[in-house]
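Here is a short set of exercises with worked solutions. Have the sequence and the model open, and try each task before reading on.

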Amino acid sequence: MERLDLDLIDGLFDYDTDPANVMDEFRRIKGLRFDGSACATCSNNCCIVNEGEIPRGFPQPEIDTIVAVHPEFADVYASKRWRIGKNGRRYYVAAKRGPCVFLGEDRRCRVYDVRPLSCRVVPATEYWMRGHDEMDGWLDDCPGSSYTHPIVALNDGDAASAALLAFLHNKKRAIVSLFVDRGLPDAAAKRAAALALTRHYGGEFYEERLPFAAGGPVLAALAVAYCDAYGVPALGLPWRSERKAIRALTKGLRLSSRLWLDDGLALDVLAPFAGKGERAMLKLGRKLGAPYDLVA
Ligand code: SF4
Ligand code: SF4
């Protein structure tokens, strides 16, 4: 696992990548913001690896550059922290748990002038590597990072939708509900419930009408088109059992929960209940305060 993650960083950015371009790409993801001035008063959370986080590893050419400029670190070559990535390159694990070896006691990077590329593009690194689902921890840890854009939630006015909205609300995401009228007999009641749930969370409500009783994959495709049109990088699915739709959506995934649309937009799919039984889903929703009394 560790090896794969190290390769991942390398696969995302090559040595010639200009950090300015990476940050431009990061800013292109609507809703993600980074205020670099926060770094001045931050305790460098990005230079410390906590329990459960991905180790921080740097490819050998970056270490060579560091040592060339800061020969006092030449002993890194004798360290047991070197690993071989799947790509055959050597990586130096600068932080497995705890602070990076280059972080000084004053919490300042001692090789800042030649710090590796993945450090220069923080926080974009974390987003690209770990995807939206995993970004929450980063948002908590990095006072300079924030996410303001809403998530499009497929909202069918049922208990699963209520639980999904509670889940998203708990993650401090602004909510945009998309209700799809498929011409079913209970469509009016479900629409009213979907609207009530959306209002409960102060979200925006949109609706679409299909001329036929579409299944999950069609609904998902419609929701993806919505996300694409609005430039929203995340989609919330309330389904527990529609594995087919979720699989269809996540086919061609490049990273954990990320779907790359044709125009280059990265869309993350949040399906917190996929594979869970109804009881587990309801329990989680209840824990998060889902307003089950409003569902159809
Ligand atoms: S955690 Fe965020 S705010 Fe703190 S130093 Fe790192 S990038 Fe800057
Ligand atoms: S090299 Fe410097 S900027 Fe990068 S993680 Fe280590 S201390 Fe932080």
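**Exercise 1. The chain as a whole**

How many helices and how many strands does the secondary structure of the chain come to?

Solution. This is a predicted model. Its chain comes to 11 helices and 13 strands. Next, take burial: of the 296 residues in the chain, 36% are buried. Last, take contacts between residues at least 6 apart in sequence: 76% of them join residues at least 24 apart.

**Exercise 2. A three-stranded sheet**

Find the strand order of the open sheet that contains S5, and say which strands stand at its edges.

Solution. Start with the order. The sheet runs S3-S5-S4, and the pairing is antiparallel. Now look at the edges. S3 (56-59) and S4 (82-84) each have a single partner strand, so one side of each is left without a neighbour in the sheet. Then check the twist: neighbouring strands are turned by 40° against each other on average, direction ignored. Finally, add the helix. H3 (residues 60-69) packs on this sheet and touches S3 and S5. The direction of H3 makes about 80° with that of S3.

Next, zoom in on one pair. Three bridges join the antiparallel strands S4 and S5. Trp82 stands opposite Tyr92 in S5.

**Exercise 3. Two residues of S5**

Is Tyr92 buried or exposed? Decide, then treat Ala95 in the same strand likewise.

Solution. Step one: place Tyr92. It sits in strand S5, residues 90-95. Step two: count. Tyr92 has 21 other C-beta atoms within 10 Å. The cut-off for buried is 20 or more, so Tyr92 is buried. Step three: list its contacts beyond four places in sequence. They are Gly57, Phe58, Gln60, Ile63, Val76, Arg81 and Trp82. One of these, Val76, is 16 residues from Tyr92 in sequence and 8.2 Å away in space, C-alpha to C-alpha.

Now Ala95, also found in S5. Ala95 has 21 other C-beta atoms within 10 Å, so it is buried. Leaving aside neighbours within four places, Ala95 is in contact with Ile48, Val49, Pro55, Arg56, Cys100 and Val101. Ala95 and Phe58 are 37 residues apart in sequence, yet 9.6 Å apart in space, C-alpha to C-alpha.

**Exercise 4. A loop residue**

Where does Arg107 lie, and is it buried or exposed?

Solution. Arg107 lies in the loop between strand S6 (98-99) and helix H4 (117-120). Count again: 12 other C-beta atoms lie within 10 Å of Arg107. The limit for exposed is 12 or fewer, so Arg107 is exposed. Check the backbone too. Phi of Arg107 is near 65°, a positive value in a residue other than glycine.

**Exercise 5. A β-α-β unit**

Which handedness does the unit made by S9, H8 and S10 have?

Solution. First, the strands. S9 (residues 175-181) and S10 (residues 204-209) pair in the parallel sense over six bridges. Ser177 has Phe205 in S10 as its bridge partner. Then bring in helix H8, residues 187-200. Together, S9, H8 and S10 make a right-handed β-α-β unit.

**Exercise 6. Two ligand shells**

Sort the residues around each ligand by class.

Solution. Ligand 1 has 12 residues around it; Cys39, Cys42, Cys46, Cys142 and Gly144 come nearest. Its shell has eight nonpolar, four polar and no charged residues. Turn to ligand 2. Its surroundings include Cys47, Arg56, Ala94, Cys100, Cys109, Arg115 and Cys119. That shell divides into nine nonpolar, no polar and two charged residues.

Methods
Residues numbered from 1 in each chain as written. Chains lettered and ligands numbered in written order. Predicted model: local features only at pLDDT ≥ 70, side-chain atom pairs only at ≥ 80, totals over all residues. Near = placed C-beta within 6 Å. Nonpolar A, V, L, I, M, F, W, Y, C, P; charged D, E, K, R; others polar. Helix = DSSP H or I, 4+ residues; strand = E, 2+ residues; numbered from the N terminus. Contact = placed C-beta atoms within 7 Å. Pairing = 2+ DSSP bridges. Right-handed = clockwise from strand over helix to strand, strands pointing away. Axes fitted to C-alpha atoms, helices over the stretch in contact; angles between N-to-C directions.
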